[in-house]
Amino acid sequence: MQKIYYSIGEVAELLHENVSLVRFWSDSFPKLVRPERNTKGNRIYTADDVKVFRQIHFLVRDCGYSLEGAYKKLLSEKGKLEKSVEMLGLLRSMRSELEDARDHISAGGPFRHNPDNSD
């Protein structure tokens with residue numbers, strides 16, 4: 001089951017980045033990321049916001065875009081980016097599974113695939 005709202009710390013953890021960077025990206029892309037505030041005044045993000053953060057992360061960290069370049073790319077090629085980011089996530093997940101299998105085989109133990117443990 002997917003969460004309705006994510007705290008800034010949860011978003012940072014999903015991206016493997018610092019909270020301050022997520023806050024900076026949130027402030028840098030106000031037309032694309034629109035956090036709401038809870039009763040304490042903390043930023044909370046929707047699943048759609050998290051998708052945008054993943055796209056920003058992909059463009060800035062993986063592709064080397066500047067923030068301005070990433071913004072322009074997000075506006076012009078949103079559909080393509082969603083597919084690219086999703087595919088990259090699947091490939092990283094597969095790589096992790098393969099590395100786990102390799103490590104277990106190298107250690108001489110049996111490899112046990114756990115399909116319920118999807119991240």
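1. Let's start with Asp49, which sits in helix α3. Keep in mind as you look around that this is a predicted model. Asp49 is a charged residue that is buried, yet it has no salt bridge. Which side chain of opposite charge is nearest to Asp49? That would be Arg34, at 5.9 Å. A salt bridge needs the nitrogen and the carboxyl oxygen to be within 4 Å, so the 5.9 Å to Arg34 doesn't qualify. If you skip the neighbours within four places in sequence, Asp49 is in contact with Leu32, Val33, Arg34 and Pro35.

2. Stay in helix α3 for a moment, since Gln55 lies there as well. Is Gln55 buried or exposed? Its relative accessibility is 2%, so Gln55 counts as buried. Setting aside residues within four places in sequence, the contacts of Gln55 are Leu74, Lys78, Leu81, Glu82 and Val85.

3. Now zoom out to the whole chain. The protein chain has five helices and three strands, and along the sequence they come in the order β-α-α-β-β-α-α-α. Of its 119 residues, 27% count as buried. Take the contacts with a separation of 6 or more: 50% of them join residues 24 or more positions apart.

4. Next, have a look at the largest nonpolar core, which has 24 residues. Val11, Phe53 and Ile56 have the most contacts inside this core. Helices α1 (8-15), α2 (19-28), α3 (47-62), α4 (67-76) and α5 (78-106) each supply at least two of its residues. Which helix gives the largest share? It's α3, with eight residues. Try clicking on Ile56: not counting residues up to four places away in sequence, Ile56 touches Trp25, Phe29, Val33, Arg61 and Leu74.

5. On to the outside. The accessible surface of the protein chain is about 8600 Å², and 52% of that belongs to carbon and sulfur atoms. There is a nonpolar patch on the surface too, formed by Met87, Leu90, Leu91 and Met94, which together have about 400 Å² of accessible area. One of these, Met87, lies in helix α5 and is partly exposed, with a relative accessible area of 46%.

6. Salt bridges deserve a point of their own. How many does a search of the whole structure find? The count is eight. Among them is the pair Arg95 and Glu99, whose closest N and O atoms are 3.1 Å apart. Both residues lie in helix α5, four residues apart, about one turn of the helix. The two partners aren't equally open: Arg95 is exposed at 58% relative accessible area, while Glu99 is partly exposed at 29%.

7. Two further bridges are worth finding on screen. The side chains of Glu77 and Lys73 meet at 3.3 Å, N to O. Glu77 is partly exposed, at 28% relative accessibility, and Lys73 is partly exposed too, at 21%. Asp103 forms a salt bridge with Arg102, again listed at 3.3 Å, N to O. Asp103 has a relative accessible area of 42%, so this residue counts as partly exposed.

8. Last one: check the backbone at His16, in the loop between α1 and α2. Most residues other than glycine have a negative phi. His16 isn't a glycine, but it has a positive phi of about 60°. As for its surroundings, His16 counts as exposed, with 71% relative accessibility.

Terms used
Residues are numbered from 1 along each chain as its sequence is written. This is a predicted model: local features need pLDDT of at least 70, side-chain atom pairs count only at pLDDT 80 or more; totals for chains, interfaces and linings use all residues. Side-chain values use heavy atoms; hydrogens and water are left out. A nonpolar core is a set of buried Ala, Val, Leu, Ile, Met, Phe, Trp, Tyr and Cys residues joined through side-chain atoms within 4.5 Å. Buried means under 20% relative accessible area, exposed over 50%, partly exposed in between (1.4 Å probe, protein chains only). Contact means heavy atoms within 4.5 Å. Accessible areas come from the Shrake-Rupley method with a 1.4 Å probe; for residues, only the protein chains shown count as cover. Patches are made of residues with over 30% relative accessible area and no salt bridge: like charges are joined within 9 Å, nonpolar side chains (Val, Leu, Ile, Met, Phe, Trp, Tyr) within 5 Å. Lys and Arg count as positive and Asp and Glu as negative; His and the chain ends are not counted.
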